[in-house]
Amino acid sequence: MTHPVHTPVIAADGALIRFALADLLDGRTTTMHIELTDAGAAEPWLTRLAGAEASLAALGRGHAELPARAELGRLALLLWLRRWWPAGPSLGIPSLDPALLDLETAVATADVEDLAEGLLDGFEASPAELFDAAIADGALLAAAVPVADGARDFCARLAAWFDDQDDVVRAEAAAEVSARLETAAPGQREYALAAGLDPLAPGEGVLATGRASVDWARVPPGILDAGEDTVTWRIVAAATATRLEVVVAGAFADAAITAFASREGEPFAEVPLELGAGRFSGTAELDEAVTRLAARVHSGQIAVVVGVAGEGVAGTTAEDRAEVVALVRARPPEARTLAERAAAASADEEF
């Protein structure tokens with residue numbers, strides 16, 4: 001199975017709907033692959049989406065390759081952006097504001113619900129939940145300034161959709177946000193690629209040192225610079241104790257993150273990481289056995305993983321990440337989402 005980083009997907013009721021990442025990032029939606037997991041649940045919406053004949057054939061085979069619907073392609077791409085967008089100053093790719101992503105995903109989710117009722121039954125978030133998240137604490141008003149016209153249009157569309165759903169409270173809230181965008185003050189999300197490890201104290205020595213890259217699949221989205229070799233670590237011998245220090249450069253937001261160190265697959269230390277100025281960092285003391293081990297081995301025999309370290313995680317490789325970065329860099333401007341246009345406008349203002 002292709003890693004999810006390469007395959008935008010919608011978890012529909014009774015099916016998975018997959019798209020080719022290259023197509024969606026290039027602004028094209030040609031085909032979509034539908035893999036049925038519960039034919040009974042999928043049959044009603046699949047019939048509405050594809051017609052009785054195509055639906056019957058798909059139900060018989062358990063899967064189908066169908067002409068892509070633009071509404072589904074947009075939603076799949078937005079869900080992919082929320083999880084896998086490779087932001088980072090080292091890559092020259094700006095981060096995307098979550099409030100704008102929530103707003104556009106709310107609109108895309110509403111469009112899919114109108115396209116094929118029941119397709120998104122049990123979906124991860126409803127248009128109402130996404131809209132609530134977008135406007136929480138005034139985040140949308142601050143983020144939408146560079147793309148105020150587009151944000152107003154989305155809010156107006158949601159106001160009409162909520163009204164059709166008899167959700168009067170949210171319809172009024174969406175209309176109010178649209179009006180307030182006329183005078184909203186700009187906000188800026190700051191981030192930086194910070195320096196590496198701090199200088200050693202007198203009398204301390206380095207037993208081992210190395211660099212590593214963050215596996216995107218092991219950390220929450222939108223937290224860290226997505227570039228390679230952003231992790232720096234060293235084992236320091238001091239008079240009182242030996243410690244493992246880890247620094248992860250390029251932090252966008254706070255999260256609970258831990259670094260795990262191992263030798264030949266055997267873990268020997270965990271380092272809780274805390275957010276600092278543009279980086280996460282942490283230190284863990286090592287026992288005598290690990291200290292002796294570190295003094296004997298080459299640095300290349302020690303591996304440091306940032307984030308979830310369980311074997312059940314389908315990790316990304318350096319090749320996976322490079323391919324995605326190349327596709328994002330080649331993305332045509334006319335295909336950009338609202339969040340991408342806002343990020344590009346803010347980057348132009350900065351530089």
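**Notebook: a pocket and two sheets**

I began with the second largest pocket, whose volume comes to about 420 Å³. Of the 25 residues in its lining, I noted those closest to the centre of the pocket, which are Leu81, Arg82, Pro221, Gly222 and Ile223. I keep in mind throughout that this is a predicted model.

Next I asked which helices each supply at least two residues of this lining, and found helix H4 (70–84) and helix H5 (98–115). H4 gives the most to the lining of the second largest pocket, its share being four residues. I then sorted the lining by class, and it splits into 18 nonpolar, two polar and five charged residues.

I turned to the sheets, recalling that strands of a sheet pair through backbone hydrogen bonds, in either a parallel or an antiparallel way.

**Four-stranded sheet**

I traced an open sheet of four strands, ordered S1-S2-S3-S4, in which the pairing is antiparallel. Strand S1 (9–12) and strand S4 (63–67) stand at the edges, and because each has a single partner strand, one side of each is left without a neighbour in the sheet. On average, neighbouring strands of this sheet are turned by 20° against each other, with direction ignored.

I looked more closely at S1 and strand S2 (residues 15–18), which pair in the antiparallel sense over four bridges. In this pairing I noted isoleucine 10, which stands opposite isoleucine 17 in S2.

Which helices pack on this sheet, and which strands do they touch? I recorded that helix H3 (residues 52–61) touches strand S3 (31–36) and S4, and that the direction of H3 makes about 145° with that of S4. H4 packs on the sheet as well, touching S1, S2 and S3, and the direction of H4 makes about 105° with that of S1. I therefore meet H4 in two of my entries, since H4 packs on this sheet and also supplies four residues to the lining of the second largest pocket.

**Seven-stranded sheet**

I then followed an open sheet of seven strands, which run in the order S5-S6-S7-S10-S9-S8-S11 with antiparallel pairing. Here the edges are strand S5 (205–212) and strand S11 (302–306), each with a single partner strand, so that one side of each is left without a neighbour in the sheet. The twist from one strand to the next averages 20°.

Within this sheet I checked strand S9 (residues 266–275) against strand S10 (residues 279–286), and the two pair in the antiparallel sense over two bridges. I closed the entry with leucine 275, which stands opposite phenylalanine 280 in S10.

Notes
Residues are numbered from 1 along each chain as its sequence is written. This is a predicted model: local features need pLDDT of at least 70, side-chain atom pairs count only at pLDDT 80 or more; totals for chains, interfaces and linings use all residues. Side-chain values use heavy atoms; hydrogens and water are left out. On a 1 Å grid over the protein atoms alone, a cavity is a set of points where a 1.4 Å probe fits but cannot get out, and a pocket is an open set with protein on both sides within 12 Å along at least five of seven lines; lining residues have an atom within 4 Å of a point. Grid points are joined across faces, edges and corners, and a volume is the space filled by probe spheres set on the points. Ala, Val, Leu, Ile, Met, Phe, Trp, Tyr, Cys and Pro count as nonpolar, Asp, Glu, Lys and Arg as charged, and the others, Gly among them, as polar. Two strands pair if DSSP finds at least two bridges between them. Axes are lines fitted to C-alpha atoms, for helices over the stretch in contact, and angles run from 0 to 180 degrees between N-to-C directions. Contact means heavy atoms within 4.5 Å.
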